[in-house]
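Work through the exercises below with the model open beside you, and try each task before reading the solution that follows it.

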Amino acid sequence: MTLLWWLDRWRGAVFVILAAVYACGMNGRWRITSDSAWYVLLARDGGGPGEAMRSGGGGGASPRGWSWVFAATGGEAGWGTALVMLAIAAGVLAITYRMFVEHADRPTAVLMTTVLGLSGLFMEMTYGLLTELPFMLGLVLLLWGHERRMNRRGSMGLALGMMLLGVAWMAMFRSVVAVVVGAYVVAEVIHVIGRRDQRRLGL
């Protein structure tokens, strides 16, 4: 019996233990960093970057994702935002699992999802008010949609919708999404040119 076999055989128990680990880490508080303090300041000043700057906050405007999250959870960093971050982490892990199931196999999917879930950096992002984890959710959704489109799995409309939703979600939290979209467009152009050359050469 290999590790992959064992993980796949007991995947239900593995995922329950993983969920229990994250549930035990919940305390309704957030890990203080300069970024997270800036987001909390935005929420307390009504979500407007200009207001926060006049109050002595961060150095520039930020995407409005966290402002909307705070508005939906009562305007403060507490149990509401902690549960949102936990849901985002669960979403990242779920999409990661599905991508590996479709691209590789189920045992590999269980392994990679477990390794990601137990990584210290992923846990740190889950319990902090940072944009990295929400951005990661949009990124894996974009990649999942791309993988389904390239391999023609399911509806092409659904795949494109997943990709657009992923980009829109990333844009809510980090303006660097423009770099991701630019890199994706360049990769697509290179792919199209490569396929055209292959057809011309009869490959």
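**Exercise 1. Find what share of the contacts in the chain with a separation of 6 or more is accounted for by residues 24 or more positions apart, and describe the elements of the chain.**

In this predicted model, residues 24 or more positions apart account for 66% of the contacts in the chain that have a separation of 6 or more. The next step is to list the elements: the chain has 11 helices and 0 strands, and from the N terminus on they run α-α-α-α-α-α-α-α-α-α-α. As for burial, 35% of the 203 residues of the chain count as buried.

**Exercise 2. Check the length of helix H7 against the span expected for its residues, and work out where its buried residues lie around the axis.**

Helix H7 covers residues 106–118, which is 13 residues, and at 1.5 Å a residue these should span 18 Å. The C-alpha atoms at the two ends of H7 are 18 Å apart, so the model agrees with the expected span.

Turning to burial, the buried residues of H7 are Ala109, Val110, Thr113, Thr114, Leu116 and Gly117. Because they cover an arc of only 165° around the axis, they lie on the same side of H7. A general point helps in reading such a pattern: an α-helix has 3.6 residues a turn, so residues three or four places apart point the same way.

The last step is to ask what covers these buried residues, and the answer includes helix H1 (3–9), helix H2 (11–24), helix H6 (79–103), helix H8 (120–126) and helix H9 (132–150). Thr114 serves as an example from H7: its relative accessibility is 12%, so Thr114 counts as buried. Leaving aside neighbours within four places in sequence, Thr114 is in contact with Val14 and Phe15.

**Exercise 3. Describe how H7 packs against H2 and against H6, and decide whether each pair is roughly parallel or roughly antiparallel.**

Two packed helices are described by the angle between their axes and the distance between the axes. For H2 and H7 the angle is about 15°, and the axes are 11 Å apart. Since angles under 35 degrees count as roughly parallel, H2 and H7 are therefore roughly parallel to each other. Their crossing is left-handed, and in it Arg11, Val14, Phe15, Leu18 and Tyr22 of H2 meet Arg106, Val110, Thr113, Thr114, Gly117 and Leu118 of H7.

For H6 and H7 the angle is about 155°, with 8 Å between the axes. This makes H6 roughly antiparallel to H7, because angles over 145 degrees count as roughly antiparallel. The crossing of H6 and H7 is right-handed. On the H6 side the contact is made by Val92, Leu93, Thr96, Tyr97, Phe100 and Val101, while H7 contributes residues including Arg106, Ala109, Met112 and Leu116.

**Exercise 4. Determine how H9 and H10 are arranged, and then examine Arg152 in the loop between them.**

Helix H10 comprises residues 156–173, and it packs with H9 at an angle of about 160°, with the axes 7 Å apart. H9 and H10 are therefore roughly antiparallel to each other, and H9 passes H10 in a left-handed crossing. The contact involves many side chains, among them Pro134, Phe135, Leu137 and Trp144 of H9, together with Met156, Leu160, Trp169 and Phe173 of H10.

Arg152 lies in the loop between H9 and H10. Most residues other than glycine have a negative phi, whereas Arg152, although not a glycine, has a positive phi of about 55°. Its relative accessible area is 65%, so Arg152 is exposed.

**Exercise 5. Decide whether Pro134 and Thr126 are buried or exposed, and name the residues that they touch.**

Pro134 is found in helix H9, and because its relative accessibility is 0%, Pro134 counts as buried. Not counting residues up to four places away in sequence, Pro134 touches Trp66, Met85, Ile88, Trp169 and Phe173. Of these partners, Ile88 is 46 residues from Pro134 in sequence, yet their C-alpha atoms are 6.4 Å apart in space.

Thr126 is found in helix H8, and with a relative accessible area of 3% Thr126 is buried as well. Apart from neighbours within four places in sequence, Thr126 is in contact with Tyr22, Met85, Leu86, Ala89 and Leu133. Met85 is thus a contact of Pro134 and also of Thr126.

Key
Residues numbered from 1 in each chain as written. Predicted model: local features only at pLDDT ≥ 70, side-chain atom pairs only at ≥ 80, totals over all residues. Heavy atoms only, no water. Helix = DSSP H or I, 4+ residues; strand = E, 2+ residues; numbered from the N terminus. Expected span 1.5 Å × (residues − 1). Buried < 20%, exposed > 50% of the residue type's maximum accessible area, 1.4 Å probe, protein only. Arc of directions from axis to C-beta. Contact = heavy atoms within 4.5 Å. Axes fitted to C-alpha atoms, helices over the stretch in contact; angles between N-to-C directions. Parallel < 35°, antiparallel > 145°, perpendicular 65-115°, else oblique. Left-handed = near helix turned anticlockwise from the far one by under 90°.
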